[in-house]
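Trainee: Got a minute? I'd like to go through this one with you before I set anything up.

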Amino acid sequence: MKKACVIGWPIEHSRSPLIHNYWLKKYGIDAAYEKKPVEPKDVSNFIVNLAHSEFIGCNVTIPHKESVFEAIGEADEIARRLGAVNTVYLKNGKVRGTNTDGEGFIASLRYSYPAFSLKGKTAIIVGAGGAAKAIVGALLDEGVGRIGVINRTRERILGLRGQFGSHVFEINEDTANDELGNCELLVNTTSQGMHGQPPLDLEIQSLNRDAVVADIVYTPLETVFLEKARNQGSPVLGGLGMLLHQAVRGFELWFGVKPEVTKELYELVAADIQKVRKQ
Ligand code: ATR
(Lines give C-alpha, C1' and ligand atoms only; values in the text may rest on other atoms or scores of the structure.)
Protein backbone atom coordinates (compact mmCIF):
# COMPACT_ATOMS: atom_id res chain seq x y z
CA MET A 1 0.00 0.00 0.00
CA LYS A 2 1.25 3.49 -0.88
CA LYS A 3 2.06 5.65 2.11
CA ALA A 4 2.87 9.33 2.56
CA CYS A 5 3.42 11.28 5.76
CA VAL A 6 4.08 14.65 7.33
CA ILE A 7 7.37 15.13 9.16
CA GLY A 8 7.97 17.66 11.91
CA TRP A 9 9.19 17.92 15.50
CA PRO A 10 6.82 17.90 17.29
CA ILE A 11 4.18 16.69 14.83
CA GLU A 12 1.19 15.92 17.05
CA HIS A 13 -0.67 19.16 16.16
CA SER A 14 -0.57 18.60 12.38
CA ARG A 15 -3.87 18.63 10.51
CA SER A 16 -2.35 17.27 7.30
CA PRO A 17 -3.46 13.65 8.02
CA LEU A 18 -7.04 14.82 8.42
CA ILE A 19 -6.89 16.55 5.01
CA HIS A 20 -5.11 13.81 3.03
CA ASN A 21 -7.05 10.92 4.57
CA TYR A 22 -10.30 12.74 3.76
CA TRP A 23 -9.20 12.89 0.12
CA LEU A 24 -7.94 9.28 0.04
CA LYS A 25 -11.35 8.13 1.21
CA LYS A 26 -13.25 10.49 -1.09
CA TYR A 27 -11.37 9.29 -4.20
CA GLY A 28 -11.36 5.63 -3.13
CA ILE A 29 -7.55 5.38 -3.10
CA ASP A 30 -6.10 2.49 -1.13
CA ALA A 31 -3.26 4.38 0.55
CA ALA A 32 -2.42 5.97 3.89
CA TYR A 33 -1.10 9.27 5.17
CA GLU A 34 0.36 9.53 8.66
CA LYS A 35 2.23 11.72 11.12
CA LYS A 36 5.90 10.90 11.42
CA PRO A 37 7.88 12.58 14.18
CA VAL A 38 11.43 13.13 12.94
CA GLU A 39 14.04 14.69 15.20
CA PRO A 40 16.18 17.46 13.70
CA LYS A 41 19.27 15.24 13.78
CA ASP A 42 17.51 12.57 11.68
CA VAL A 43 15.99 14.80 8.97
CA SER A 44 18.80 14.50 6.47
CA ASN A 45 18.87 10.68 6.73
CA PHE A 46 15.12 10.45 6.42
CA ILE A 47 15.12 12.47 3.19
CA VAL A 48 18.17 10.87 1.61
CA ASN A 49 16.76 7.37 2.27
CA LEU A 50 13.16 8.16 1.30
CA ALA A 51 13.29 6.09 -1.89
CA HIS A 52 14.18 3.01 0.20
CA SER A 53 11.61 3.67 2.91
CA GLU A 54 7.93 2.74 3.25
CA PHE A 55 6.95 6.28 2.08
CA ILE A 56 6.50 7.68 -1.43
CA GLY A 57 6.68 11.26 -0.20
CA CYS A 58 6.00 13.65 2.63
CA ASN A 59 4.94 17.06 3.72
CA VAL A 60 7.39 19.01 5.82
CA THR A 61 6.51 21.29 8.68
CA ILE A 62 8.21 23.24 11.46
CA PRO A 63 11.14 23.17 12.06
CA HIS A 64 12.35 21.12 9.08
CA LYS A 65 11.50 23.11 5.94
CA GLU A 66 14.99 24.59 5.57
CA SER A 67 16.92 21.46 6.56
CA VAL A 68 14.94 19.36 4.08
CA PHE A 69 15.84 21.88 1.39
CA GLU A 70 19.51 21.46 2.33
CA ALA A 71 19.21 17.66 2.23
CA ILE A 72 17.50 17.47 -1.14
CA GLY A 73 19.56 17.34 -4.28
CA GLU A 74 16.67 18.19 -6.59
CA ALA A 75 14.67 21.13 -5.31
CA ASP A 76 12.71 23.06 -7.93
CA GLU A 77 12.92 26.77 -8.66
CA ILE A 78 10.23 27.80 -6.18
CA ALA A 79 11.87 25.86 -3.34
CA ARG A 80 15.26 27.33 -4.27
CA ARG A 81 13.83 30.83 -4.19
CA LEU A 82 12.52 30.21 -0.67
CA GLY A 83 15.34 28.00 0.59
CA ALA A 84 12.57 25.85 2.03
CA VAL A 85 10.68 22.70 1.05
CA ASN A 86 7.20 21.71 2.25
CA THR A 87 6.45 18.87 -0.20
CA VAL A 88 8.74 15.93 -1.05
CA TYR A 89 8.09 13.30 -3.70
CA LEU A 90 9.90 10.68 -5.74
CA LYS A 91 10.46 10.95 -9.46
CA ASN A 92 12.35 8.24 -11.34
CA GLY A 93 13.61 6.99 -7.99
CA LYS A 94 15.04 10.38 -7.05
CA VAL A 95 13.92 12.55 -4.13
CA ARG A 96 12.48 15.88 -5.30
CA GLY A 97 11.25 18.86 -3.32
CA THR A 98 9.00 21.82 -3.93
CA ASN A 99 7.17 24.44 -1.94
CA THR A 100 3.43 24.98 -2.26
CA ASP A 101 2.88 27.62 0.43
CA GLY A 102 2.72 30.53 -2.02
CA GLU A 103 0.37 28.80 -4.46
CA GLY A 104 -1.75 27.72 -1.48
CA PHE A 105 -2.25 31.34 -0.50
CA ILE A 106 -3.14 32.42 -4.05
CA ALA A 107 -5.56 29.50 -4.54
CA SER A 108 -7.26 30.28 -1.24
CA LEU A 109 -7.67 33.93 -2.24
CA ARG A 110 -9.09 32.94 -5.63
CA TYR A 111 -11.44 30.39 -4.06
CA SER A 112 -12.95 32.93 -1.66
CA TYR A 113 -12.74 35.99 -3.93
CA PRO A 114 -12.93 34.71 -7.52
CA ALA A 115 -13.51 38.17 -9.00
CA PHE A 116 -10.50 39.74 -7.24
CA SER A 117 -7.69 40.50 -9.68
CA LEU A 118 -4.11 40.89 -8.48
CA LYS A 119 -2.63 42.38 -11.67
CA GLY A 120 -1.01 45.75 -11.03
CA LYS A 121 -2.40 45.96 -7.49
CA THR A 122 -0.68 47.10 -4.31
CA ALA A 123 -0.33 44.61 -1.45
CA ILE A 124 0.92 45.09 2.09
CA ILE A 125 2.57 42.20 3.90
CA VAL A 126 3.09 42.16 7.64
CA GLY A 127 6.15 40.08 8.50
CA ALA A 128 9.30 39.23 6.57
CA GLY A 129 10.04 35.59 7.46
CA GLY A 130 9.63 32.38 5.49
CA ALA A 131 5.86 32.65 5.05
CA ALA A 132 6.18 36.27 3.92
CA LYS A 133 8.78 35.28 1.34
CA ALA A 134 6.51 32.56 -0.08
CA ILE A 135 3.60 34.96 -0.38
CA VAL A 136 5.63 37.87 -1.79
CA GLY A 137 7.06 35.57 -4.47
CA ALA A 138 3.64 34.20 -5.39
CA LEU A 139 2.04 37.65 -5.52
CA LEU A 140 4.77 38.95 -7.82
CA ASP A 141 4.28 35.90 -10.05
CA GLU A 142 0.59 36.86 -10.22
CA GLY A 143 1.47 40.34 -11.45
CA VAL A 144 1.02 42.39 -8.27
CA GLY A 145 2.58 45.79 -8.94
CA ARG A 146 3.90 46.91 -5.55
CA ILE A 147 4.38 45.12 -2.24
CA GLY A 148 4.91 47.12 0.92
CA VAL A 149 6.37 45.26 3.89
CA ILE A 150 5.88 46.05 7.57
CA ASN A 151 8.20 44.21 9.94
CA ARG A 152 9.67 44.56 13.42
CA THR A 153 13.18 43.89 12.12
CA ARG A 154 14.02 46.29 9.31
CA GLU A 155 16.95 44.25 7.92
CA ARG A 156 14.59 41.47 6.90
CA ILE A 157 12.50 43.90 4.83
CA LEU A 158 15.65 45.00 3.05
CA GLY A 159 16.49 41.33 2.54
CA LEU A 160 13.17 40.77 0.75
CA ARG A 161 13.76 43.84 -1.40
CA GLY A 162 17.27 42.59 -2.20
CA GLN A 163 15.84 39.25 -3.32
CA PHE A 164 12.70 40.35 -5.17
CA GLY A 165 13.64 43.83 -6.38
CA SER A 166 12.25 47.34 -6.15
CA HIS A 167 8.58 46.28 -6.43
CA VAL A 168 9.08 45.42 -2.77
CA PHE A 169 9.41 48.41 -0.45
CA GLU A 170 9.60 49.20 3.22
CA ILE A 171 6.65 50.65 5.11
CA ASN A 172 7.41 52.45 8.36
CA GLU A 173 5.34 54.32 10.91
CA ASP A 174 5.43 57.52 8.84
CA THR A 175 4.14 55.91 5.64
CA ALA A 176 1.80 53.27 7.05
CA ASN A 177 -1.45 55.25 7.02
CA ASP A 178 -1.05 56.48 3.44
CA GLU A 179 -0.07 53.06 2.16
CA LEU A 180 -2.91 51.31 3.99
CA GLY A 181 -5.34 53.76 2.43
CA ASN A 182 -4.11 52.87 -1.05
CA CYS A 183 -3.62 49.11 -0.92
CA GLU A 184 -5.91 46.38 -2.23
CA LEU A 185 -4.61 43.47 -0.16
CA LEU A 186 -3.26 43.29 3.41
CA VAL A 187 -1.78 40.02 4.73
CA ASN A 188 -0.52 39.07 8.17
CA THR A 189 2.24 36.48 7.74
CA THR A 190 3.47 36.57 11.33
CA SER A 191 2.38 34.22 14.08
CA GLN A 192 0.85 37.07 16.06
CA GLY A 193 -2.79 36.38 16.83
CA MET A 194 -2.28 32.64 17.05
CA HIS A 195 -3.76 30.98 20.17
CA GLY A 196 -1.43 31.71 23.05
CA GLN A 197 0.12 34.78 21.42
CA PRO A 198 -0.86 38.44 21.61
CA PRO A 199 -2.91 39.78 18.69
CA LEU A 200 -1.29 41.60 15.79
CA ASP A 201 -0.96 45.19 16.88
CA LEU A 202 -1.57 47.11 13.65
CA GLU A 203 -3.72 50.21 13.39
CA ILE A 204 -6.01 49.79 10.36
CA GLN A 205 -8.43 52.71 10.64
CA SER A 206 -6.97 54.27 7.50
CA LEU A 207 -7.24 51.01 5.51
CA ASN A 208 -8.98 51.14 2.12
CA ARG A 209 -12.33 49.52 2.91
CA ASP A 210 -12.29 47.50 -0.35
CA ALA A 211 -8.95 45.89 0.47
CA VAL A 212 -9.05 42.15 1.18
CA VAL A 213 -7.54 41.45 4.59
CA ALA A 214 -5.94 38.02 5.00
CA ASP A 215 -4.24 36.17 7.83
CA ILE A 216 -2.18 33.01 7.54
CA VAL A 217 -3.00 32.10 11.15
CA TYR A 218 -5.78 29.48 11.36
CA THR A 219 -5.87 28.79 15.10
CA PRO A 220 -8.21 30.55 15.83
CA LEU A 221 -10.08 30.35 12.52
CA GLU A 222 -10.62 34.10 12.73
CA THR A 223 -7.96 36.16 14.52
CA VAL A 224 -8.68 39.32 16.49
CA PHE A 225 -6.98 41.20 13.63
CA LEU A 226 -9.40 39.75 11.04
CA GLU A 227 -12.36 40.37 13.29
CA LYS A 228 -11.33 44.01 13.60
CA ALA A 229 -11.04 44.28 9.80
CA ARG A 230 -14.40 42.58 9.26
CA ASN A 231 -16.07 44.89 11.76
CA GLN A 232 -14.94 47.90 9.79
CA GLY A 233 -16.36 46.45 6.58
CA SER A 234 -13.37 44.73 4.96
CA PRO A 235 -13.62 41.45 3.07
CA VAL A 236 -11.52 38.95 5.07
CA LEU A 237 -9.72 35.66 4.48
CA GLY A 238 -8.63 33.31 7.30
CA GLY A 239 -5.58 31.04 7.15
CA LEU A 240 -7.30 27.67 6.94
CA GLY A 241 -7.92 27.99 3.19
CA MET A 242 -4.18 28.33 2.59
CA LEU A 243 -3.50 25.17 4.63
CA LEU A 244 -6.03 23.21 2.56
CA HIS A 245 -4.91 24.55 -0.81
CA GLN A 246 -1.18 24.06 -0.14
CA ALA A 247 -1.95 20.35 0.32
CA VAL A 248 -3.39 19.88 -3.18
CA ARG A 249 -0.19 19.50 -5.18
CA GLY A 250 1.43 16.98 -2.83
CA PHE A 251 -1.62 14.74 -3.02
CA GLU A 252 -1.61 14.95 -6.80
CA LEU A 253 2.13 14.18 -7.00
CA TRP A 254 1.84 11.12 -4.72
CA PHE A 255 -1.51 9.67 -5.67
CA GLY A 256 -2.14 10.93 -9.22
CA VAL A 257 -5.45 12.70 -8.58
CA LYS A 258 -5.85 16.45 -8.26
CA PRO A 259 -8.07 16.73 -5.18
CA GLU A 260 -10.75 19.32 -4.67
CA VAL A 261 -10.90 21.69 -1.72
CA THR A 262 -14.56 21.61 -0.73
CA LYS A 263 -16.72 23.29 1.86
CA GLU A 264 -17.11 19.86 3.50
CA LEU A 265 -13.32 19.53 3.92
CA TYR A 266 -13.09 23.09 5.26
CA GLU A 267 -15.76 22.29 7.84
CA LEU A 268 -14.13 19.01 8.83
CA VAL A 269 -10.81 20.69 9.64
CA ALA A 270 -12.49 23.76 11.16
CA ALA A 271 -14.46 21.49 13.51
CA ASP A 272 -11.24 19.78 14.58
CA ILE A 273 -9.62 23.14 15.34
CA GLN A 274 -12.62 24.19 17.41
CA LYS A 275 -12.81 20.84 19.21
CA VAL A 276 -9.18 21.02 20.32
CA ARG A 277 -9.77 24.55 21.59
CA LYS A 278 -12.67 23.46 23.73
CA GLN A 279 -10.78 20.58 25.36
P1 ATR B 1 7.77 31.89 9.27
O2 ATR B 1 8.68 30.97 8.52
O3 ATR B 1 6.58 31.19 9.87
O4 ATR B 1 7.38 33.09 8.49
P5 ATR B 1 9.84 33.30 10.69
O6 ATR B 1 10.74 33.16 9.52
O7 ATR B 1 10.38 33.07 12.06
O8 ATR B 1 8.58 32.33 10.57
O9 ATR B 1 9.17 34.77 10.63
C10 ATR B 1 8.28 35.22 11.57
C11 ATR B 1 7.84 36.65 11.23
O12 ATR B 1 6.94 37.07 12.26
C13 ATR B 1 8.96 37.66 11.22
O14 ATR B 1 8.63 38.67 10.33
C15 ATR B 1 8.94 38.16 12.67
O16 ATR B 1 9.47 39.45 12.84
P17 ATR B 1 11.08 39.68 12.95
O18 ATR B 1 11.61 39.58 11.56
O19 ATR B 1 11.21 41.02 13.53
O20 ATR B 1 11.58 38.58 13.85
C21 ATR B 1 7.46 38.21 12.92
N22 ATR B 1 7.11 38.12 14.35
C23 ATR B 1 7.00 36.99 15.09
N24 ATR B 1 6.65 37.30 16.35
C25 ATR B 1 6.54 38.64 16.42
C26 ATR B 1 6.21 39.58 17.45
N27 ATR B 1 5.90 39.18 18.67
N28 ATR B 1 6.20 40.89 17.13
C29 ATR B 1 6.48 41.31 15.89
N30 ATR B 1 6.82 40.48 14.87
C31 ATR B 1 6.84 39.17 15.13
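Trainee: Which residue in S2 is the bridge partner of Ile7?
Mentor: Lys36 is the partner of Ile7 there. Keep in mind as we go that this is a predicted model.

Trainee: How many bridges join S1 to S2, and do they run parallel or antiparallel?
Mentor: Seven bridges hold S1 and S2 together, and the two run parallel.

Trainee: What order do the strands take in that sheet?
Mentor: Reading across, the order is S2-S1-S3-S5-S6-S4. That makes an open sheet of six strands with mixed pairing. The edges are S2, residues 31–37, and S4, residues 74–75, and each of them pairs on one side only.

Trainee: OK, salt bridges. How many are there in the whole structure?
Mentor: A full search turns up 17. One of them joins the side chains of Glu54 and Lys3, with N to O at 2.6 Å.

Trainee: Where do Glu54 and Lys3 lie?
Mentor: Lys3 is in strand S1, residues 2–8, while Glu54 is in the loop between helix H2 (43–48) and strand S3 (57–60), so the salt bridge ties together parts that are 51 residues apart in sequence.

Trainee: Is Lys3 buried or exposed?
Mentor: Lys3 is buried, at 17% relative accessible area. Glu54 is partly exposed, at 45%.

Trainee: Which residues are linked with Lys3 in a network of salt bridges?
Mentor: Glu34 and Glu54 are linked with Lys3 in that network.

Trainee: And Lys263, which residue does it form a salt bridge with?
Mentor: Glu267, with the closest N and O atoms 2.9 Å apart. Both residues sit in helix H12, residues 263–278, four residues apart, which puts about one helical turn between them.

Trainee: Why does being four places apart matter in a helix?
Mentor: An α-helix has 3.6 residues a turn, so residues three or four places apart point the same way. As for accessibility, Lys263 is exposed at 58%, and Glu267 is partly exposed at 43%.

Trainee: What about Asp42, which residue does it form a salt bridge with?
Mentor: Asp42 pairs with Lys41, and their closest N and O atoms are 3.3 Å apart. Lys41 counts as exposed at 62% relative accessibility, whereas Asp42 counts as partly exposed at 31%.

Trainee: Switching to the ligand. Which residues are around it?
Mentor: The shell is Gly127, Ala128, Gly129, Gly130, Ala131, Asn151, Arg152, Thr153, Arg156, Thr190 and Gln192. By class, that comes to two nonpolar, seven polar and two charged residues.

Trainee: What does Arg152 do there, in terms of distance to the ligand?
Mentor: A polar side-chain atom of Arg152 is 2.9 Å from a ligand oxygen. Arg156 also has a polar side-chain atom 2.9 Å from an oxygen atom of the ligand. With Gly130 the backbone is involved: an N or O atom of its main chain lies 3.1 Å from a ligand oxygen.

Trainee: How much of the ligand's accessible area does the protein cover?
Mentor: The protein covers 65% of the 640 Å² that the ligand has on its own.

Trainee: Let's look at S11. Which residues are on its two faces?
Mentor: Val212 and Ala214 are on one side, with Val213 and Asp215 on the other. All four are buried, so both faces are covered.

Trainee: Why do they split between the faces like that?
Mentor: In a regular strand the side chains alternate between the two faces of the sheet.

Trainee: How many bridges join S10 to S11?
Mentor: Four, with S10 (residues 185–188) running parallel to S11. Leu186 has Val213 as its bridge partner in S11. S11 is also joined by two bridges to strand S12, residues 236–237, and that pair is parallel too. There, Ala214 stands opposite Leu237.

Trainee: Where's Tyr218?
Mentor: Tyr218 is in the loop between strand S11 (212–215) and helix H9 (224–231). Tyr218 counts as partly exposed, at 22% relative accessibility. Its C-alpha atom is 5.0 Å from that of Leu240, 22 residues apart along the chain.

Trainee: Last one: which residues of helix H1 are buried?
Mentor: In H1, residues 16–26, the buried ones are Ser16, Pro17, Ile19, His20, Tyr22, Trp23 and Leu24. After H1 comes Gly28, with a positive phi near 60°.

Conventions
Residues are numbered from 1 along each chain as its sequence is written. This is a predicted model: local features need pLDDT of at least 70, side-chain atom pairs count only at pLDDT 80 or more; totals for chains, interfaces and linings use all residues. Side-chain values use heavy atoms; hydrogens and water are left out. A salt bridge is a side-chain nitrogen of Lys or Arg within 4 Å of a carboxyl oxygen of Asp or Glu. Buried means under 20% relative accessible area, exposed over 50%, partly exposed in between (1.4 Å probe, protein chains only). A residue is near a molecule or strand if one of its heavy atoms lies within 4 Å of it. A polar contact is a pair of N or O atoms within 3.5 Å; within protein, one must be able to donate a hydrogen and the other to accept it, and residues adjacent in sequence count only if both atoms are side-chain atoms. Accessible areas come from the Shrake-Rupley method with a 1.4 Å probe; for residues, only the protein chains shown count as cover. Ala, Val, Leu, Ile, Met, Phe, Trp, Tyr, Cys and Pro count as nonpolar, Asp, Glu, Lys and Arg as charged, and the others, Gly among them, as polar. Two strands pair if DSSP finds at least two bridges between them.
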